[in-house]
Amino acid sequence: MKIIIVGGGPAGLITALCLARMHGAEICLHEKQGPPAYTSSLCAEGISRDMLQRLERHTGFDSTPFISRAVCGIQVHFPGGKCGYLHQPGATLERTAWQQAMAEFAGRRGVEVFWESRVSGIDELDADVVVGADGPASRIRTAIGGTVDMVPAVQYRMNLDRPREFLEFFIDERFYHGKHNDGYAWIFPKKDSFNVGVKGSFEQLDLFLSAFDIRGEITHRGGAPIAVHGTRFEGTLDRRKVFLIGDAAGLTNAATCGGLNPIIACADFLRQAVGWQEEGAYTRLIKTHHYDPAYWKAVRHLFYPPDATLRALGEILNNGPVNPTPAMAARVTFHPGLWVYCGRLLRHLKPLKQVAW
Ligand SMILES: Cc1cc2nc3c(=O)[nH]c(=O)nc-3n(C[C@H](O)[C@H](O)[C@H](O)COP(=O)(O)OP(=O)(O)OC[C@H]3O[C@@H](n4cnc5c(N)ncnc54)[C@H](O)[C@@H]3O)c2cc1C
């Protein structure tokens, strides 16, 4: 079976590594950039460590040398100044070095990597299976009629003097962008610097920095779209089976816009689906495991309630862990709006737990 993967970002590389474990597959990966200039797309580089372990279980690739900074979890800043902590080990990566190492590892596993090879259309690809991993502006997605929504995001690389134990998220109506109430700002620590960004524009990022009096040297600025709310993940074109993954599929977590965790999970679903050769199996696995963007579209309002609810949540968590305590449960019970919110959230807890951030 001949498999062609278009795109050598995390989605293409991790899919190649998963598929390389199948017997009898000839795998080629085409990446339009070439070494030594090959770089990762713009990213805050945050990931949970259990997903990095899952990547190693699925592919044998050890990401540990590419961890820039290990963190204890997530710190969520609520309006009003209070915060809550989610203790779940995480990390920021040196993403370009991580991707370069995965490409070399894939080569050693028998994947043929074609650098400086831009694919301009699906018709030129002679294969049994084509994997579209060509990022937010995917040509392969267009060829099978899939759609995504684009969310703008901007980021500064900064030198700051602040603790580095958590990935910090700031949720606040001031940072919502456009008509959707779904924005946030982040400060993710790296070894020697911080990735500081917002879903939105540079204007909103500067507003965030001045509102929280965050000062430091800016060493890099960048902006890029994130593809969310994908509608199609597979199709068939002239007897070629086509799969989409990563931003090409719009398979990002629509609550956090994190793309790396869904890639690690879905690359293994893709390997299983290719092995079974069963129509619709990939989509079924995505939906069964709650990576379906339609699910996230339905529950995203839970992550971005009005400021009054966020403030109340901050008061209840009161700079403590998000793990429930009796005192916390009592305060929620006596708050008229909050038990409705928490009740709705509870119904979604199981799938939310499965889909790590
Ligand atoms: C500001 C910002 C911060 C983010 N922070 C995080 C975060 O902290 N954690 C997280 O999990 N996610 C984060 N994301 C999302 C994450 O970066 C993406 O979801 C992820 O990069 C998607 O990987 P991908 O391989 O699908 O696409 P990409 O990383 O875009 O890779 C696509 C690859 O395909 C190649 N390519 C494109 N077209 C062609 C073609 N025609 N022929 C050949 N090659 C082609 C490109 O050169 C590229 O190498 C962030 C995104 C942004 C914009």
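Here is a short chat about a predicted protein model and the reasoning behind its labels.

Trainee: What makes the protein as compact as a globular protein of its length?

Mentor: Its radius of gyration is 21 Å, and the globule rule gives 21 Å for 357 residues, so the protein earns that description. The secondary structure comes to 12 helices and 14 strands, and the C-alpha trace spans about 60 × 45 × 35 Å along its principal axes.

Trainee: How do you know that α1 is largely enclosed by the rest of the structure?

Mentor: Count the buried residues. A residue needs 20 or more other C-beta atoms within 10 Å of its own to be buried, and 10 of the 10 residues of α1 are, so the helix is largely enclosed. P10, G12 and L19 are among them.

Trainee: Which elements do the covering?

Mentor: The cover includes the strands β1 (2-6), β2 (26-30) and β7 (129-132), along with α2 (49-59), α3 (95-108) and α6.

Trainee: And what does α1 (10-19) supply to the shell around the ligand?

Mentor: Three residues, which is the largest share of that shell. Altogether 38 residues surround the ligand, with G7, G9, G135, G246 and G259 the closest. By type, the shell divides into 15 nonpolar, 16 polar and seven charged residues.

Trainee: Which residues touch the most other members of the largest nonpolar core?

Mentor: Of its 91 residues, those are A16, A106, V131, I245, C266 and L270. The largest share of this core, 10 residues, comes from α6. Take V131: leaving out residues up to four places away in sequence, V131 touches I3, I5, V6, T15, F243, I245 and L270.

Trainee: Why is H229 called partly exposed?

Mentor: H229 has 18 C-beta neighbours inside 10 Å. Buried starts at 20 and exposed means 12 or fewer, so a count in between is partly exposed. H290 gets that label too, with 17 other C-beta atoms within 10 Å.

Trainee: What makes the phi of H229 worth a look?

Mentor: Phi of H229 is near 60°, a positive value in a residue other than glycine. Most residues other than glycine have a negative phi. H229 is in the loop between β12 and β13 (234-237). H290 also has a positive phi, about 60°, and lies in the loop between α7 (281-288) and α8 (293-299).

Trainee: How do you know that the peptide bond from P35 to P36 is cis?

Mentor: Its omega is near 5°. Most peptide bonds are trans. P36 is found in the loop between β2 and β3.

Note on methods: Residues are numbered from 1 along each chain as its sequence is written. This is a predicted model: local features need pLDDT of at least 70, side-chain atom pairs count only at pLDDT 80 or more; totals for chains, interfaces and linings use all residues. Helices (H or I, at least four residues) and strands (E, at least two) are DSSP runs, numbered from the N terminus. The radius of gyration is taken over C-alpha atoms; the globule rule is 2.2 Å times the number of residues to the power 0.38. A residue is near a molecule or strand if its C-beta atom, placed from the backbone, lies within 6 Å of it. Ala, Val, Leu, Ile, Met, Phe, Trp, Tyr, Cys and Pro count as nonpolar, Asp, Glu, Lys and Arg as charged, and the others, Gly among them, as polar. A nonpolar core is a set of buried Ala, Val, Leu, Ile, Met, Phe, Trp, Tyr and Cys residues joined through C-beta atoms within 7 Å. Two residues are in contact if their C-beta atoms, placed from the backbone, lie within 7 Å.
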